[in-house]
Amino acid sequence: MAEVLIYETPGHAGRTVADHIAHSVDAKPQLVLGVATGSTPLPVYGALRDHVAVGIDFSQASAFALDEYVGLSPDDPRSSRAAVHREVTVPLGLSPERVHVPDGDPQHLETAGQRFEALIEAAHGVDIQLLGIGGTGHIAFNEPGSSFGSLTRVKTLTDRTRHDNARFFDALDEVPHQCITQGLGTILRARHLILMAFGPAKAQAVKAAVEGPVTSSVPASAIQLHPHVTVVLDEQAASALAYTDYYREAQSLKPVWQGL
Ligand code: PGA
């Protein structure tokens, strides 16, 4: 069973995850961080700025993004490339040449997946992978039906995901239909997965991912196959779980030195 940590607010949760990342980069300056986009990881990135302000140094660290829309220009503010630059690379002081985002240029798609996998391999894999979860149960843009062995490749977004993400665009028909995303197999190779979810809209997807059967119908349930997973929730995202008493007891007994 994955470890589940429940915090009162996304702010508390974000600070805990940020503390862990700051400790990790302090111990290993060349940390390879897997970064998610969307709203969920923003409290983590916000709290990491406080660590940077007191001297935690990310200049030797690398970052790999989970996914990118197909067909947005790289400097489009709605692209993953722009979001990672804005939320991670600049405020945390990473070297831009060590920050990698799948290439969503329609001209390059045939080789984009392989090229991205080769970059992860050259960096000796991802140490800590941050993950959000979609209403469909997706992680990265692995929609229901994604193979657990899949690697970075082009996928079609579901209508639900396009609707969910329309808030980042002026209109629904501006949301791309395709993306390039790390596969579930890619994600499962990272050494530590931290799946975060906040708010009531995520409660059912979290329940299915953490306590439901392992099934490609709920891509996030793939985390149950990984040896080191931490699920970090606020009260609302945890509200549909069956075993919250057990998770809370384990959380209260967790030794401080253990980190995440
Ligand atoms: P969100 O998206 O963090 O913006 O809620 C998560 C996801 O779709 O994976």
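Reader: What makes the approach of Arg167 to the ligand a polar contact?

Author: In this predicted model, a polar side-chain atom of Arg167 is found 2.8 Å from a ligand oxygen atom. The cut-off for such a pair of N or O atoms is 3.5 Å, so the pair qualifies as a polar contact.

Reader: Which distances do the side chains of Thr40 and Lys202 have to an oxygen atom of the ligand?

Author: For Thr40, an N or O atom of the side chain is 2.5 Å from a ligand oxygen. For Lys202, a polar side-chain atom lies 2.6 Å from an oxygen of the ligand. Both values are within 3.5 Å, and therefore both pairs count as polar contacts.

Reader: How much of the ligand does the protein cover?

Author: On its own, the ligand has 280 Å² of accessible area, and the protein covers 84% of that area. The space that the ligand takes is the largest pocket.

Reader: What classes of residue form the shell around the ligand?

Author: The shell has six polar, two charged and one nonpolar residue. Among the residues around the ligand are Gly38, Ser39, Ile133 and His138. Ile133 is counted as nonpolar because Ile belongs to that class, whereas Gly38 is counted as polar.

Reader: How do you know whether the radius of gyration of the protein agrees with that of a compact globule?

Author: A compact globule of 260 residues would have a radius near 18 Å, and the protein has 17 Å, so the two agree. The C-alpha trace spans about 55 × 40 × 35 Å along its principal axes, and the secondary structure comprises eight helices and ten strands.

Key. Residues numbered from 1 in each chain as written. Predicted model: local features only at pLDDT ≥ 70, side-chain atom pairs only at ≥ 80, totals over all residues. Heavy atoms only, no water. Near = heavy atom within 4 Å. Polar contact = N/O pair within 3.5 Å; in protein donor to acceptor, adjacent residues only side chain to side chain. Areas by Shrake-Rupley, 256 points an atom, 1.4 Å probe, with all protein chains shown as cover. 1 Å grid on protein atoms, 1.4 Å probe; cavity = no way out; pocket = protein on both sides within 12 Å on 5 of 7 lines; lining within 4 Å. Sits in = over half its atoms within 2 Å of the grid points. Helix = DSSP H or I, 4+ residues; strand = E, 2+ residues; numbered from the N terminus. Rg over C-alpha atoms; globule rule 2.2 N^0.38 Å.
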